[in-house]
Amino acid sequence: MDNSHFLPPDTSRHLLIFFPSKYQQENTIILTDGLYFIGRDSKNSIFLDSPFVSRLHATLVRQELPETGEVIYILVDGDLRGKRSQNGTFVNGQKIIQHILKSGDILAFGSEENKAIYKKEILLETSANKSSEDSTGRKISAFTREKLQDTLIVSELNLKERLHSQNVEHLASFPELSPNPILEFDPDGNLLYCNPAARICFEEIVEKKSQENPLLKDVNPPENFNCQQSHLLIREVEYKDMYYETYIHFLCREKVIRIYAFDITERKNYEKQLKHQALHDSLTGLPNRDFFYQKLREYLQQEEGRDKISLAIFFIDVDRFKNVNDTLSHTIGDKLLQQLSYRLKTVLPTNCILARWGGDEFIILMPIYSKISALFPENNHPVKSLAEAIITRIKEPFFIDKHSIYVTCSIGISVYPTDGSNETTLIKNADIALYRAKQLGRNNYQLYTNKLSWRKMFLFELENSLYQAVNDRQFFLSYQPQLDLKTNRIEGVEVLLRWQHPILGIVSPSQFIPLAEETGLIVSIGEWVLQEACGIGKKWQQSGYPPLTLSVNVSAKQFQTGDFAEKVKTILETTQFPPDYLELEITESILLHDIIQTEKTLSKLAEIGVKLSLDDFGTGYSSFGYLKKFPFDSIKIDKSFVDGLCDNKQDRALVAAIITLARGYGMKVVAEGVETERQKRILEELDCDVIQGYLVGKPLTEEELLAKIISG
């Protein structure tokens with residue numbers, strides 16, 4: 001008897017207790033209904049008067065587990081059609097889409113000021129609700145459904161012994177008035193009785209127009225049907241797109257099977273919606289990662305034809321999608337993702353599975369039949385052909401709200417069983433291949449290899465170590481001297497960041513600085529460098545060493561925080577380091593962003609008294625214009641021009657022009673990467689102010705630098 005069970009006990013009480021706060025008073029709600037709407041609209045079942053709560057913020061759905069009869073409540077963020085709340089619904093501090101509540105769960109709607117606790121209490125049995133036992137020893141609860149108490153089940157024996165004839169006639173007429181179907185059958189399945197509600201709901205069964213009776217399908221009377229005891233069975237039945245919960249009572253003495261049916265279609269439809277939402281993305285309608293994992297697992301578990309079938313995983317990322325959100329708005333970005341989903345579906349073969357992984361990432365499962373794929377040459381393999389088709393299709397313009405949007409995508413591919421035997425490994429390796437595709441300039445696809453795995457793992461470990469390095473103070477500073485060509489003395493140093501990894505040793509800045517930029521750690525690291533440099537500079541001055549100008553590099557993310565100038569001012573005040581001995585090196589890439597905000601920040605720094613240097617001068621596109629627009633005190637000639645001073649007339653002419661231009665603006669010129677005496681002589685002839693490079697000195701520790709200064 002599928003999907004059926006004996007009636008289990010259900011003596012629990014469900015409570016939702018709201019904590020007192022600015023917006024809510026302490027309130028206890030006893031949950032009994034099948035559906036509760038929670039929100040700021042006064043029409044909701046549970047009204048929350050708070051500006052952080054959406055009009056329909058969340059939904060509570062009651063469900064009875066068919067296996068155990070246990071009643072549970074499911075909390076859904078937003079409504080049941082997939083529209084989410086504005087500020088989120090949280091359970092135990094975690095943002096949820098839907099969640100099966102457990103006793104003690106802390107709920108928050110929109111903010112911490114709208115909190116409640118869910119409690120499930122087990123009621124003690126009393127003489128009025130003690131369970132009886134059937135012949136198998138299973139308990140049958142007196143609490144089944146509220147309406148069932150009015151119709152279920154008084155045996156004929158009890159009627160004769162305890163009721164007068166008038167009461168019997170009154171009770172006998174009650175089924176005719178019941179809105180719920182009631183039917184009786186003999187052990188052979190012949191209909192003996194049905195009430196009017198049953199005639200309406202089960203017309204074909206009643207009129208015997210159907211050969212199959214779903215109410216009795218797979219229902220077998222108990223072996224001891226001839227005994228004096230009765231049996232009760234509960235199960236769900238689907239009939240003509242309707243769902244019914246049926247209570248099947250075997251009246252053994254009367255040789256009758258009596259069925260009480262309750263319409264649960266609405267609840268079942270809600271459950272279907274919840275299941276669909278749990279496995280599908282609300283924005284695009286595509287399956288989500290849970291669904292994808294499930295299907296991939298099913299493919300890998302297939303035993304038949306395992307040697308004949310392989311599959312490929314395509315991990316797709318939309319290149320620079322953040323620019324669309326930041327420039328045109330998140331609404332346009334959402335519409336772009338919807339159109340992307342449709343395009344991907346039109347490109348894929350029918351046997352592929354497409355899912356949205358999250359954000360701007362999609363994933364595809366493509367079955368490959370070896371007999372078919374063997375017919376294709378290597379350069380026209382189905383995997384490569386599909387990857388090229390996706391890239392070509394995505395490059396076509398998208399037209400959204402009068403905008404023509406051009407995007408590209410990067411794809412990483414792994415193949416079963418070559419690149420992994422389980423779903424986790426296959427997806428991880430496809431992601432590694434995707435990372436490689438991005439490294440190679442995006443707008444391409446890459447297939448996984450073991451070399452990619454090693455590189456990805458190294459960067460992953462390095463990124464994790466980077467977080468630890470900040471906490472464990474594994475960073476230190478080194479100092480590269482800058483020589484004043486007029487006085488032939490060290491007048492300043494460039495402060496350089498170094499990382500002493502406990503296992504890898506000294507990690508090159510070219511490896512960890514890009515990771516720090518990508519993770520955002522560069523902001524806190526940059527502040528530490530400024531604080532440390534100013535503190536050390538002040539210590540040198542107090543110790544009687546000649547004052548040195550400290551040149552500190554500033555990252556783009558650090559500069560664009562909005563309060564960068566204020567932070568520099570605070571550090572200078574804290575360390576009491578003179579601002580005119582601090583020089584901040586700004587790269588041209590920083591100036592390309594918000595020009596108005598950049599000009600304000602540079603002006604504030606100049607007002608503080610900090611010196612400003614334009615780093616890597618000459619490598620950009622509009623550097624000469626910056627000299628006039630922004631208050632720079634000095635410019636640094638890039639090493640690439642210094643390298644060609646001796647042999648390249650064009651480089652020499654360019655350096656001469658830069659120095660002449662700087663003189664006109666009253667700026668100092670620093671030449672980087674000076675390694676030979678000949679380069680130094682040429683720069684002296686061209687009237688350069690300061691040089692920096694291995695000829696003057698390699699990056700030094702604090703002790704080495706101070707010793708060099710003392711020795712002259």
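Just after helix H23, Asp687 takes a positive phi of about 70°. That is a good place to start a walk through this predicted model, in which local features need pLDDT of at least 70, side-chain atom pairs count only at pLDDT 80 or more, and totals for chains, interfaces and linings use all residues. Residues are numbered from 1 along each chain as its sequence is written, and side-chain values use heavy atoms, with hydrogens and water left out. Helices (H or I, at least four residues) and strands (E, at least two) are DSSP runs, numbered from the N terminus.

**Around H23**

Within H23, the residues Gln679, Lys680, Ile682 and Leu683 are buried, where buried means under 20% relative accessible area, exposed over 50% and partly exposed in between (1.4 Å probe, protein chains only). Seen down the axis of H23, the buried residues fall within an arc of 165°, so they line one face of the helix; the arc is that of the directions from the helix axis to the C-beta atoms. Their cover includes strand E27 (475-484), helices H21 (639-643) and H22 (649-664), and strands E34 and E35, with contact meaning heavy atoms within 4.5 Å.

Two strands count as paired if DSSP finds at least two bridges between them. E34 (residues 668-671) pairs in the parallel sense with E33 (residues 634-637) over four bridges, and Lys636 has Val670 in E34 as its bridge partner. On to E35 (residues 690-692): this strand and E34 are also parallel, over two bridges, and Ala671 is matched with Ile691. The chain crosses from E34 through H23 (residues 677-685) to E35 in a right-handed β-α-β crossover. Right-handed here means that, with the strands pointing away from the viewer, the path from the first strand over the helix to the second runs clockwise.

**An antiparallel sheet**

Elsewhere, six strands form an open sheet in the order E3-E2-E12-E11-E8-E9, with antiparallel pairing. Its edge strands, E3 (27-31) and E9 (94-96), each pair on one side only. From one strand to the next, the twist averages 30°. Inside this order, E2 (residues 12-18) and E12 (residues 115-122) run antiparallel and are joined by seven bridges; Leu16 has Tyr118 in E12 as its bridge partner.

**A helix pair**

Helices H14 (residues 509-519) and H15 (residues 521-542) pack at an angle of about 115°, their axes 5 Å apart. Axes are lines fitted to C-alpha atoms, for helices over the stretch in contact, and angles run from 0 to 180 degrees between N-to-C directions. From H14, Ile513, Ala516, Glu517 and Thr519 meet Leu521, Ile522 and Ile525 of H15.

**A buried alanine**

Ala261 lies in strand E19 (residues 256-263) and is buried, with a relative accessible area of 1%. Leaving aside residues up to four places away in sequence, Ala261 touches Asn180, Pro181, Phe202, Tyr244, Glu245 and Thr246.

**Backbone details in loops**

A cis peptide bond joins Tyr416 and Pro417, with omega about 5°. Pro417 sits in the loop between strand E25 (409-416) and helix H12 (423-439). Two residues other than glycine with positive phi values are set out here.

| Residue | Phi | Loop between | Relative accessibility |
|---|---|---|---|
| Lys402 | near 70° | E23 (398-400) and E24 (403-405) | 90%, exposed |
| Gln576 | near 60° | H17 (564-575) and E31 (582-587) | 56%, exposed |
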